[in-house]
Amino acid sequence: NDTYDLVAAKSGVVGGSFLACWAPYRDSSDLSVYQYPAGTFAMIGPQVASQPYICFVGQACEPQLPGYGMSVGAQLAFVQGPDADCSASPSAVSFTGLTNPKTADTSDPTKYLFGVPAVGGGDVSDNYTLCWGAYVQTRVHAGSLWILGPEPNASQVCTLGEPCSVWLAGLGLFGWERGGTSPASEVMLVEGPYACGVPSNPAAAMSGLVNPATVEPTAGAMMGSFANGMAYLGVPTDGQAG
């Protein structure tokens with residue numbers, strides 16, 4: 001028996017529809033010499049998506065990579081840079097709330113349950129590259145990842161009887177940034193000591209207050225940029241100060 005080293009494939013079509021054809025000698029000018037079927041051949045790995053995988057801070061980040069022969073032992077990592085060289089084993093990005101790299105889900109080997117990215121836990125960015133490896137020591141390019149949402153801001157103050165706006169900095173605050181595929185984001189004020197994200201926690205109620213309020217783009221906000229947004233909450237005329 002002989003072994004033929006095809007080196008390492010870094011990209012291309014995955015699947016099990018290949019036929020291995022053998023030739024007694026190499027002749028790049030005449031491929032007809034490869035006329036002896038030697039068996040079938042499969043290329044295992046993810047199919048690289050043409051669109052980025054999008055995660056939002058505060059929500060579960062669970063990229064799903066379609067492919068062929070995906071195994072539960074494979075790992076997925078996101079690294080810095082829009083087109084990083086995964087074969088160079090770049091360092092995985094640290095982001096609070098996320099496990100990076102992450103092993104494939106045991107119930108569905110195409111899914112990678114990174115976790116829930118925390119607000120302020122890392123850089124919201126559209127410049128992450130996904131690197132996949134069937135084994136820990138091997139990685140290939142598997143697409144791109146965006147982590148979108150607001151950056152944590154300093155405390156903001158409004159005054160009764162005056163127009164009240166909440167200013168946000170971040171990325172992916174408006175639906176039109178992704179071709180209008182999702183609505184614009186919103187901001188809701190809750191009274192302390194309530195926490196965000198708890199359905200039973202009520203929105204703060206004041207006369208004249210629009211709550212929740214839609215985030216609108218500020219001047220110069222562009223797709224793919226570190227955009228700013230403003231949520232106008234109206235003019236509160238009475239309520240609990242604090």
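Where is the place of valine 57? Valine 57 sits in the loop between β4 (53–56) and β5 (67–68); strands here are DSSP runs of E, at least two residues long, numbered from the N terminus. The model is predicted, so local features need pLDDT of at least 70 and side-chain atom pairs count only at pLDDT 80 or more, while totals for chains, interfaces and linings use all residues. Residues are numbered from 1 along each chain as its sequence is written, and side-chain values use heavy atoms, with hydrogens and water left out.

Valine 57 counts as buried because its relative accessibility is 12%; buried means under 20% relative accessible area, with a 1.4 Å probe and protein chains only. Leaving aside residues up to four places away in sequence, valine 57 touches nine residues' worth of surroundings that include Phe95, Val119 and Ile147, where contact means heavy atoms within 4.5 Å. The C-alpha atoms of valine 57 and isoleucine 147 are 6.9 Å apart, although 90 residues separate them along the chain.Isoleucine 147 also belongs to the largest nonpolar core, of 25 residues, and is one of those that touch the most other members, as is Phe78. Such a core is a set of buried Ala, Val, Leu, Ile, Met, Phe, Trp, Tyr and Cys residues joined through side-chain atoms within 4.5 Å. β4, β6 (75–80), β8 (125–133) and β9 (140–150) each give two or more residues to this core, and β9 gives the most, with 5.

Phenylalanine 78 is in strand β6, and phenylalanine 114 is in the loop between β7 (102–103) and β8. Both are buried. Their ring centres are 5.5 Å apart and their planes lie at 85°, so the pair is edge-to-face; rings of Phe, Tyr and Trp (its six-membered ring) pair if their centres lie within 6.5 Å, and planes over 60 degrees apart count as edge-to-face, under 30 as stacked and the rest as tilted. Ring pairs link Phe78, Phe114 and Tyr128 into a cluster.

Conventions
Helix = DSSP H or I, 4+ residues; strand = E, 2+ residues; numbered from the N terminus. Buried < 20%, exposed > 50% of the residue type's maximum accessible area, 1.4 Å probe, protein only.
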